[in-house]
Structures are given as structure tokens and as C-alpha cells.
Amino acid sequence: MHTERNHDRYFSSELLDWYDVNKRDLPWRRSRDPYHIWVSEIMLQQTRVDTVIPYFHRFIERFPTIEALADAPEDDVLKCWEGLGYYSRARNLQSAARQITEQYGGVMPSGKEEVAGLKGVGPYTAGAIRSIAFNIPAAAVDGNVMRVLSRYFLIEDDIMKIKTRTRMEELVLTLVPEGRASDFTQALMELGALICTPKSPKCLVCPVMEHCAGRLEGKEESLPVKTKAKPPRPEHRLAAIVEGTGVHEGKILIRKRPASGLLAGMWELPHIEVTSGASAVSTKGATEQSGLSAVSTKGGTVASDTASVHSKAVAERSEVTTVPSETVMVPSNVAVPSEKAAVIRLTDGLLAEGVPVRPIGHYMDAEHTFSHIQWKMSVYRCVWQEEPESLSGLQAAESAAAYEAGETNDFRWIDAGDMERYAFPNVFIRILSSYFSKMDGAGSR
DNA sequence: TACGCGTGGGT
DNA sequence: TACCCAAGCGT
């Protein structure tokens, strides 16, 4: 029975002894500066230690203090976060730094309410900061801890449920040894990271294997119980590498994304969504799509611009449309318009967003998977067309409507050297790097 | 509550 | 290869 005090003391004391000998030398363990602990905890959310280490060094060097972070331009903070993902973490981190500067004189508070009230600091991070940096007995229950506890105490509740986490927080508080909150929090996570791993846990070298109920029941591999995540939904997009002319000769056009939502505040290539499922919501869109699909299916040759397809997810999406079944019973790649249709859609779509271009050829395809969306992007080289034939009052109205809908109106012309001045999501870094390296090679001959 | 929100490594 | 994930938070 897990509530027996002697087993609890055994667990905590064996765990701490193990940690004292086996803990890794990590950059944020070299001090107890609450700022360092805080930054590391935010970076480590859903992110591996090996990935975080170089980012942590760069971030602390660039923003040495909470006040330095508070005073920096947001674009600088995002640039420092570029490639790390979940960019709201960076924007919330800076927002909280400004909070601390204004409300607490630039000093990280240690009170429960104060810490938990910081932007981007939830129950886990609040507990981590208070226990690790201030040695306060506080629970920091993350995925590691839930895995360790679910196995040791044979807790079979779904760890995706908030109730399970709060229950484990209560359990942790009963386990914290007097005066060693900081080490205990880190030891719990360290055991999860090094020994009590998700797959093939190293029970034979585990310091607490003797009384681990999960292992004794032979359930160490099937714990913790966790509901599966949904597969990402596919989205087809057409992107433009817009080459400038005149004073913008040799440069290409980028734009800033809206201040909220996916990749908020990051820079990108102008692009439009052309997912068939999205347009099929309206009858008009479905009709247009079925026309395109028929071309592909009748010939029996379904053009495939991208390699892999989440066919299961695609099938689910297709069922909600009202398009005739013989039209939708084809793989998702029919959603990719023919090259000719794509050129028209890209021209019209970007014009409606205030970007007049003339596509001059397909450049490359790029696939990028987020946690919840899979972008299948087709990239076209385009030239900026100052005065498109069809530019009219209607176009101006559509452009205004797009802006109202949250589209950004912040555009820049950049060259290869400007890459280091703007923060891009990975998928655009890949495309831009490819483009600029090819242009450099061509230009140097 | 459930979903939106990135990325790269492991198997 | 095609998943599965890894030190969560905001809404």
C-alpha cells in the first residue's frame, strides 16, 4: 500500500542518495539564480535537454538579467528563440519579465501567488521555480514526475487529466524531505529522464526498484496511462518567393505574422491556404475542388507533389463534405491544384492580401509537421508586379478585408544577410536557405 | 475539458 | 518509415 510512511521515506531517501551521485552537470544547475532557473524551465517545456542547452547559453548571454529581457525589443527575443518552437513561451517570458520589473523591482518573487501569477508560469513551472530556486517545499509535477509516480505507486489514472496531476501534487508534498525541496524536485525529474524512461525503463539500476509497485506488478511498460494525441490535420499551402525589381532588385519579400495564433510574430514567405477540406465547407469551394479532382482521377494518374499522406485523417475530413463520393474517394494529394491552377490561385490569393505578383515557375515543395497541423507547401518563384491588370476597387476592398481578418501588413524586402535580423519558423528557414544558397552560387559564377 | 501551440530525436 | 514523444500553458 503506497501510503505506508516507511516506503515513502525509503523512496525519498534512496532517490536523493542516487541523485547526489548521478545528477547531470547542466548549465542551469550551476547557480540558483531564480532567473536562470525560470528561463530553463520555460525552455524545457515539451523540449529536450540537449536541444535547450545551446539556446539557454545564448539567451542568458544576450539577456543577462530580468531587466535586460524586459527592455529588449520583442523581435530580438523571438530571434533568440528561433527554432525552439512554441514561440508564445518567448513572448510570455518577456511579458513576465516586464511584470517583474514593474511590480517586484526586477526581483523574482518567491510567493506562491506571485510566481503563479506570472505570464506563462503554470502549476508545474511555479512549483519548479519555488522549489529549485528557493528550496521551498512545492510540487513540480511534469511528465517525468507523473511517469515515475504512476509506476512506483501504481497509479492507473489517465495522466492527461488535470485531476490526476493535482492528486500527484498532493502526493509529492508528502514526500519532500525536510530542507531538500530543491534537490528532491530535480531528483524526481532526473530519475524520469535517465532511469524511469517512457520506453524500456532501466529498472535493474533504479534506486527505488525494490518497492516499485508498477514493476512488482509487471506494469512498468504500460504505465503511465495516457490518452493518445490526435494526428495532425493536413493543410495544403502555396507560398511565393517574390523577387524584387528596381530598388528591390536581388531581394525577396517577407511579411510578419499576426500577433496571436500559430507562429505569432514570426516572419514568413507570403503564402495562401488551398486545402480542399477547408474550401469544401462552402458549396462553391467544393464545386471548384471537384472540378480539379476530376482531372486528376479520370486519367488515373494522381499527381503527387508530396511523399507521405495521413490517409486516415484525410478520410475523416472528407466525410463531412457534401461532395459526391466518387470525387472525394481519392488520396488527399488531389487537393494540390495542378500547376496551372496553382499559379492562378496564388496570383489571385496574394493579390487579395495586397501582394501583386506574377508566378514564373515552381521552385520546390516543403513539408512541415507541427504538433497539430501538417503543412504541405508548394513554393513558386514570382516577380513583383507593381501594376497588375486587374487591380481595382474590388481588390483594394478585399485587401482591406484581409487586413481586418488579422492579416499583417508588415512587409520587408530582404537579402541573404538579412536572415539574421528576422525570426523565421523552421519551414521558411529551409526554403530561404535553399533559395539564397542557390542564388549565391549562380551570382558568383 | 479539450484543444491550439513547434521542433528534433528516438525507435 | 511513421509514429511517439519531451521538464506545459493559455484559453
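**Close-up views of a predicted protein–DNA model**

**View 1. Aspartate 183 and arginine 180 meet through their side chains.** A polar contact of 2.7 Å joins the side chains of aspartate 183 and arginine 180. This is a predicted model, so keep that in mind for every view here. Aspartate 183 sits in helix α11, which covers residues 181–194. How accessible is aspartate 183? Its relative accessibility is 18%, so aspartate 183 counts as buried, given that buried means under 20%. Setting aside residues up to four places away in sequence, aspartate 183 touches Leu16, Tyr19 and Asp20.

**View 2. The whole of chain A, for orientation.** Chain A is built with 19 helices and seven strands. It has 445 residues, and 48% of them count as buried. Now for the contacts in chain A between residues at least 6 apart in sequence: 70% of these join residues at least 24 apart.

**View 3. DNA strand B and the residues around it.** Which residues come nearest to DNA strand B? There are 20 residues around this strand, and Arg48, Tyr87, Leu263, His368 and Asn426 come nearest. Sorted by class, the surface near DNA strand B has eight nonpolar, ten polar and two charged residues. What part of the strand do the atoms within 4 Å of the protein belong to? For DNA strand B, 60% of those atoms belong to sugar or phosphate, and the rest belong to bases.

**View 4. Polar atoms at the bases and phosphate of DNA strand B.** Two neighbours in the sequence turn up at base nitrogens here. Glutamine 46 uses its backbone: a polar backbone atom lies 3.0 Å from a base nitrogen of DNA strand B. Threonine 47 uses its side chain, where an N or O atom is 3.0 Å from a base nitrogen of DNA strand B. Leucine 263 is found at a phosphate instead, with a polar backbone atom 2.5 Å from a phosphate oxygen of DNA strand B. Leucine 263 is also one of the residues that come nearest to this strand.

**View 5. DNA strand C and the residues around it.** How many residues surround DNA strand C? The number is 26, and the closest are Gln46, Gly120, Asp142, Asn144 and Pro198. Of the atoms of DNA strand C that come within 4 Å of the protein, sugar and phosphate account for 65%. The surface near DNA strand C divides into nine nonpolar, ten polar and seven charged residues. Two helices to look for are α8 (123–134) and α9 (143–152), each of which supplies at least two residues of that surface.

**View 6. Backbone atoms at the phosphates of DNA strand C.** Glycine 122 places a polar backbone atom 2.9 Å from a phosphate oxygen of DNA strand C. For tyrosine 124, a backbone N or O atom lies 3.4 Å from a phosphate oxygen of the strand. Glycine 143 has a backbone N or O atom 3.5 Å from a phosphate oxygen of DNA strand C.

**View 7. Aromatic rings, and a charge over one of them.** A search of the whole structure turns up 13 aromatic pairs. One of them is phenylalanine 370 with tryptophan 375, an edge-to-face pair at 4.9 Å centre to centre, with 85 degrees between the planes. Are these two residues buried or exposed? Phenylalanine 370 is buried because its relative accessible area is 14%, and tryptophan 375 counts as buried at 1% relative accessibility. Elsewhere, ring pairs link Phe11, Tyr152 and Phe153 into a cluster. Arginine 58 has its charged end over the ring of tyrosine 55, 4.8 Å from the ring centre.

**View 8. Backbone oddities in three loops.** Why pick these spots out? Most residues other than glycine have a negative phi, and most peptide bonds are trans. The bond from leucine 223 to proline 224 is cis, with omega near 0 degrees. Proline 224 lies in the loop between α12 (213–216) and β1 (233–243). Tyrosine 86 has a positive phi, near 45 degrees, and its place is in the loop between α5 (74–81) and α6 (88–103). Tyrosine 86 is partly exposed, at a relative accessible area of 48%. Serine 200 also has a positive phi, near 50 degrees, and its loop runs between α11 and α12. Serine 200 is exposed, with a relative accessible area of 52%.

Key:
Residues are numbered from 1 along each chain as its sequence is written. Chains are lettered from A and ligands numbered from 1 in the order in which they are written. This is a predicted model: local features need pLDDT of at least 70, side-chain atom pairs count only at pLDDT 80 or more; totals for chains, interfaces and linings use all residues. Side-chain values use heavy atoms; hydrogens and water are left out. Rings of Phe, Tyr and Trp (its six-membered ring) pair if their centres lie within 6.5 Å; planes under 30 degrees apart count as stacked, over 60 as edge-to-face and the rest as tilted. Buried means under 20% relative accessible area, exposed over 50%, partly exposed in between (1.4 Å probe, protein chains only). A charge sits over a ring if NZ of Lys or CZ of Arg is within 6 Å of the ring centre and within 35 degrees of the ring normal. A residue is near a molecule or strand if one of its heavy atoms lies within 4 Å of it. A polar contact is a pair of N or O atoms within 3.5 Å; within protein, one must be able to donate a hydrogen and the other to accept it, and residues adjacent in sequence count only if both atoms are side-chain atoms. Ala, Val, Leu, Ile, Met, Phe, Trp, Tyr, Cys and Pro count as nonpolar, Asp, Glu, Lys and Arg as charged, and the others, Gly among them, as polar. Helices (H or I, at least four residues) and strands (E, at least two) are DSSP runs, numbered from the N terminus. Contact means heavy atoms within 4.5 Å.
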